[in-house]
Amino acid sequence: MAETTGGAILAAMLKHEGVEKFFGIVDGTYLQLFANCVERGIEMISPRHEAVAAHMAGAYARLTGRLGVCIASNGPGVANMLPGVAVENGEGNRVLLLTSSRRTGITYPDRGGAYQCFNHVAVIRGMSKWSETVHEFARIPELMRQALRACFTGRPGVVHLDVPENLINGSGPEPALGPPASYRRTAPLEPRAADVEAAAEMLLGARLPVIHAGSGVIHAQAFAELARLAERLHAPVDTSWSARGVLPETSPLAWPMIHIEACNHLRNEADVVLCLGSQLGETDWWGKPPYWAPPARQKLVQVDVDDARLGRNRPVDLAIHADAKRFLVALLAQLERRGPATALAERRGRVAELARDRAASRQNLDALLANRAAPMLTAHVPVACRRVFDDDAVMVFDGGNTAVWGNFFSEVRVPNTQLSTPHFGHLGAGVGQALGAALAHPGRQVYCVIGDGAMAYNMQELETAVRHDLRAVFLVCCDRQWGMVKINQMVALAPVRERFEHALGPDHTGTINTDLGEIAWDRVAQAMGAHGERVSDPAELEPALRRSLASGRCAVVHVDVDPKAHLLAPGLQHFKDMHQEPAGT
Ligand SMILES: Cc1ncc(C[n+]2csc(CCOP(=O)(O)OP(=O)(O)O)c2C)c(N)n1
Ligand SMILES: [Mg+2]
């Protein structure tokens, strides 16, 4: 029988799954894994920190609908990977993590004093969907099949397989390997016909149906079907934070969640809610009053690929275990057969009325743009981006108040073009996400609006961008402070501050460790071979962005923002309120 290595088996299975790229840092303990991948034409992308590899894989998976694969080597590599696991699992991105561990015989359990060794699985199991190790060569294909099955079952997240170095690099008999359809379901979950009929009945009979879309719509790539349904029912669409823009925000039926009061009003008016692939979590205010109407006045149809999410945070009237796209296709066919909704004219009138709230919210926000002082109001940053970048450019928002300003002044015009870490709020993840986006959509522009605190977590990746020719544009909003935490402290520590104000002088905010030194981001960029610009006047921002694009390289624009105005980002009170349990039941 022919012999092969464990690494070659894993690589062959990735190839069968159609994997084209993977992310990670080289190490001898899994040489046969990455060497065999590269030999089979799977491209290896190497950042300068393992957690960034996970963020690249997560963004790549979310934007392409493919599996995101990353690797990390035993001990320190895996330790550095942990933040990436937590974030990508929290955000629900379909990521497969393969790690090496020290040789069998001294690990699981550690004999005592083994080098670069800790119990990877014990740690990662608590922060991922699935995590296992392989104990013998013959079980590599079986455990990889289990891992791949877990990747494609239920809500996406991080799946981890740990393979000891002597099994990855060592040899054994070559196993027969089948295609994915021989070990996992490859067709998306179809809804039951009776459920589709019941949903159609409820939606057609509704006074005002509202569609609440979550990431399930992104993972199912159900954008066109969602738009067709919204139009057919004339149903407004609001989204979870992570599914922003699944219906282009240029549509009169899109209710971007940044118009918080307008969304609350809409959610209270709806008598039927169709929840597609959202778990109605904390950032959806758990689906509870006063942000939503109480269940007595509002029926809920919930569609999810994950059984465990149905009816979990809010009682459900119709629970449908299905892929969002397959459900929408079936529902549209059903609606086609049944003809238009009876109360459509009335519904149009009500939607037009509710849209006034949304327009007023936009107008109030845009009034802030009259401030053209330098250093600039942060709101000018996303606005300039909207003007300069293509509609299908991928935008990434990272950093406390910077991400808030970015979100409130952007418009998502093409579905699945906005990335952030809305579940985790993890500073610095945006750097890897932007580079993952550049790899996911090589023909498209990518930009990342990021705080000066957040950027410093992963600034070394500018070199990665240059080395791999990834042309993302980073706009680093420099307020020389942990802005979001500073405003928080200013409010929370107010009584203390008042007591000390006299001693501290008029300009001192009395906050604890919230001020940062300046990093000249344009020069950091130049030092790593990227293009660098620095602007402070809002009038100079668009030309700087155009020069950045024209440079044909990764670029960084250091944007000096007004540190005081930056503190007063919109919606912060709502964000604070979100941390409390809603009053209603
Ligand atoms: C990795 C990580 N550490 C700590 C925090 C807590 N935190 C939330 S916002 C914030 C300040 C962000 O500063 P910066 O990135 O400069 O953005 P700014 O608020 O100044 O715009 C901090 C420290 C976090 N969210 N993520
Ligand atoms: Mg800052």
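1. Two strands are taken as paired here if DSSP finds at least two bridges between them, and on that basis this predicted model contains an open sheet of six strands, arranged in the order 16-15-17-18-20-19 with parallel pairing. Strand 16 (418-419) and strand 19 (531-535) each have a single partner strand and stand at the edges, so one side of each is left without a neighbour in the sheet.

2. At one of these edges, strand 15, which covers residues 394-398, is joined to strand 16 by two bridges in the parallel sense, and within this pairing Met 395 is the residue that stands opposite Gln 418 of strand 16. Helix 16 (residues 429-440) packs on this sheet, where it touches strand 15, strand 16, strand 17 (446-451) and strand 18 (473-478), and the direction of the helix makes about 170° with that of strand 15.

3. A further open sheet is formed by six strands in the order 11-10-9-12-13-14, and here too the pairing is parallel. The edge positions belong to strand 11 (254-255) and strand 14 (318-321), each of which has a single partner strand, so one side of each is left without a neighbour in the sheet.

4. The partner of strand 11 is strand 10 (residues 237-239), the two running parallel and being joined by two bridges, with Asp 238 standing opposite Trp 255 of strand 11. On this sheet packs helix 12 (residues 324-338), which is in touch with strand 12 (272-276), strand 13 (299-304) and strand 14, and whose direction makes about 140° with that of strand 12.

5. Turning to the ligand site, there are 19 residues around ligand 1, of which Thr 402, Gly 425, Gly 453, Gly 483 and His 566 come nearest. Sorted by class, this shell consists of six nonpolar, eleven polar and two charged residues, and at least two of its residues are supplied by each of helix 15 (400-408), helix 17 (452-455) and helix 19 (483-492).

6. Contacts of ligand 1 with backbone and side-chain atoms can both be examined. A polar backbone atom of Gly 453 is 2.8 Å from an oxygen atom of ligand 1, and a polar backbone atom of Gln 481 is 3.1 Å from an oxygen atom of the ligand, whereas Tyr 457 places a polar side-chain atom 3.3 Å from a nitrogen atom of ligand 1. The protein buries 79% of the 590 Å² that ligand 1 exposes when taken alone.

7. The backbone also deserves a check at two proline sites. Tyr 108 and Pro 109 are joined by a cis peptide bond, with omega at about 0°, and Pro 109 lies in the loop between strand 5 (95-101) and helix 5 (120-125). Tyr 108, which is found in the loop between strand 5 and helix 5, has a phi near 45°, a positive value in a residue other than glycine.

8. A cis peptide bond also joins Ala 374 and Pro 375, for which omega is about -5°. Pro 375 is located in the loop that runs between helix 13 (344-367) and helix 14 (380-388).

Methods. Residues are numbered from 1 along each chain as its sequence is written. Chains are lettered from A and ligands numbered from 1 in the order in which they are written. This is a predicted model: local features need pLDDT of at least 70, side-chain atom pairs count only at pLDDT 80 or more; totals for chains, interfaces and linings use all residues. Side-chain values use heavy atoms; hydrogens and water are left out. A residue is near a molecule or strand if one of its heavy atoms lies within 4 Å of it. A polar contact is a pair of N or O atoms within 3.5 Å; within protein, one must be able to donate a hydrogen and the other to accept it, and residues adjacent in sequence count only if both atoms are side-chain atoms. Accessible areas come from the Shrake-Rupley method with a 1.4 Å probe; for residues, only the protein chains shown count as cover. Helices (H or I, at least four residues) and strands (E, at least two) are DSSP runs, numbered from the N terminus. Ala, Val, Leu, Ile, Met, Phe, Trp, Tyr, Cys and Pro count as nonpolar, Asp, Glu, Lys and Arg as charged, and the others, Gly among them, as polar. Contact means heavy atoms within 4.5 Å. Axes are lines fitted to C-alpha atoms, for helices over the stretch in contact, and angles run from 0 to 180 degrees between N-to-C directions.
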